[in-house]
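User: I have a model open and want to go through it piece by piece. Can you take some questions?
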Amino acid sequence: MANNESREKTSAQPRFHQRAAEIQAYGTVSHLLPLELEELVRVEMTAQLNQILADTITLRDLYKKSHWQVAGPTFYPLHLLFDKHYEEQVELVDAIAERIQLLGGVSIAMAADVAEITQIERPPRGREAVPVQLSRLLDAHQIVIRQTRKLARRASESTKCKTIWFTDVVKR
Ligand SMILES: [Fe+2]
């Protein structure tokens, strides 16, 4: 009997349609990481990083849409350029998502969830002219840059507050 049980546990047979409760909810951070960063700071930082992640994923996809749909006399150089930028955004998406996980958070991942929170305007499904494609990409970059600068300032303020607080405690 014991043999049968252990065979069942180690079976190579795939088990389909398994569902269970999440092991960590979106918007929470894990308590158990030895990061020496308060939970509230990590919740705030991971929420804002998820915003940047959603916008970067959208920007990445906007580059692929532009790569596929570009038309006209500048087709070839733009087709190549859009794909180059797409690849760069792929790397950024991975770096941001993994930073969120390292802070104990949960990275946003699926297109439907990303679509709900991105600040980048949804383009039409159809093909647009090159100046419009370029303009949309510029607007999207601006949104990401604005958000990133805001978060960098906030992170540096948090560190300063912590240092001042820490220095104060040590002096006492
Ligand atoms: Fe391609």
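User: Leaving aside neighbours within four places in sequence, which residues is Leu49 in contact with?
Analyst: Leu49 is in contact with Ile96, Arg99 and Ile100, once neighbours within four places in sequence are left aside. Two residues are in contact if their C-beta atoms, placed from the backbone, lie within 7 Å.

User: Before we go on, what kind of model is this, and what are the conventions?
Analyst: The model is predicted: local features need pLDDT of at least 70, side-chain atom pairs count only at pLDDT 80 or more, and totals for chains, interfaces and linings use all residues. Residues are numbered from 1 along each chain as its sequence is written.

User: How many helices and strands does the protein have?
Analyst: The protein has five helices and zero strands, and the pattern along the sequence reads α-α-α-α-α. Helices (H or I, at least four residues) and strands (E, at least two) are DSSP runs, numbered from the N terminus.

User: Back to the interior. Which residues touch the most other members of the largest nonpolar core?
Analyst: Leu49, Leu53, Leu59, Ile96 and Ala140 do, in a core of 20 residues. H2, H3 and helix H5 (130-171) each supply at least two residues of this core, and H2 gives the most, with nine residues. A nonpolar core here is a set of buried Ala, Val, Leu, Ile, Met, Phe, Trp, Tyr and Cys residues joined through C-beta atoms within 7 Å.

User: And what does "buried" take?
Analyst: A residue is buried if 20 or more other C-beta atoms lie within 10 Å of its own, exposed if 12 or fewer, and partly exposed in between, with C-beta atoms placed from the backbone. Of the 172 residues of the protein, 20% count as buried.

User: At what angle do H2 and H3 pack?
Analyst: The angle is about 160°, and the axes of H2 and H3 are 8 Å apart. Axes are lines fitted to C-alpha atoms, for helices over the stretch in contact, and angles run from 0 to 180 degrees between N-to-C directions.

User: Roughly parallel or roughly antiparallel, then?
Analyst: H2 and H3 are roughly antiparallel to each other, because angles over 145 degrees count as such, while those under 35 count as roughly parallel, 65 to 115 as roughly perpendicular and the rest as oblique. The residues of the contact of H2 with H3 divide into 14 nonpolar, eight polar and four charged. For that split, Ala, Val, Leu, Ile, Met, Phe, Trp, Tyr, Cys and Pro count as nonpolar, Asp, Glu, Lys and Arg as charged, and the others, Gly among them, as polar.

User: Is Arg60 buried or exposed?
Analyst: Arg60 is buried, because 20 other C-beta atoms lie within 10 Å. Arg60 sits in helix H2. Leaving aside neighbours within four places in sequence, Arg60 is in contact with Tyr86, Gln89, Val90 and Val93. The C-alpha atoms of Arg60 and Val90 are 6.5 Å apart, with their positions 30 residues apart along the chain counted as the separation.

User: Different topic: where is Pro73 found?
Analyst: Pro73 is in the loop between helix H2 (39-69) and helix H3 (75-102). Pro73 is exposed, with 8 other C-beta atoms within 10 Å.

User: What about backbone angles? Which phi does His17 have?
Analyst: His17 has a positive phi of about 60° although it is not a glycine. His17 lies in the loop between helix H1 (2-9) and H2, and counts as exposed with 4 C-beta neighbours inside 10 Å. Glu36 also has a positive phi, near 55°, and is not a glycine. Glu36 is found in the loop between H1 and H2, and its 6 C-beta neighbours inside 10 Å make Glu36 exposed.
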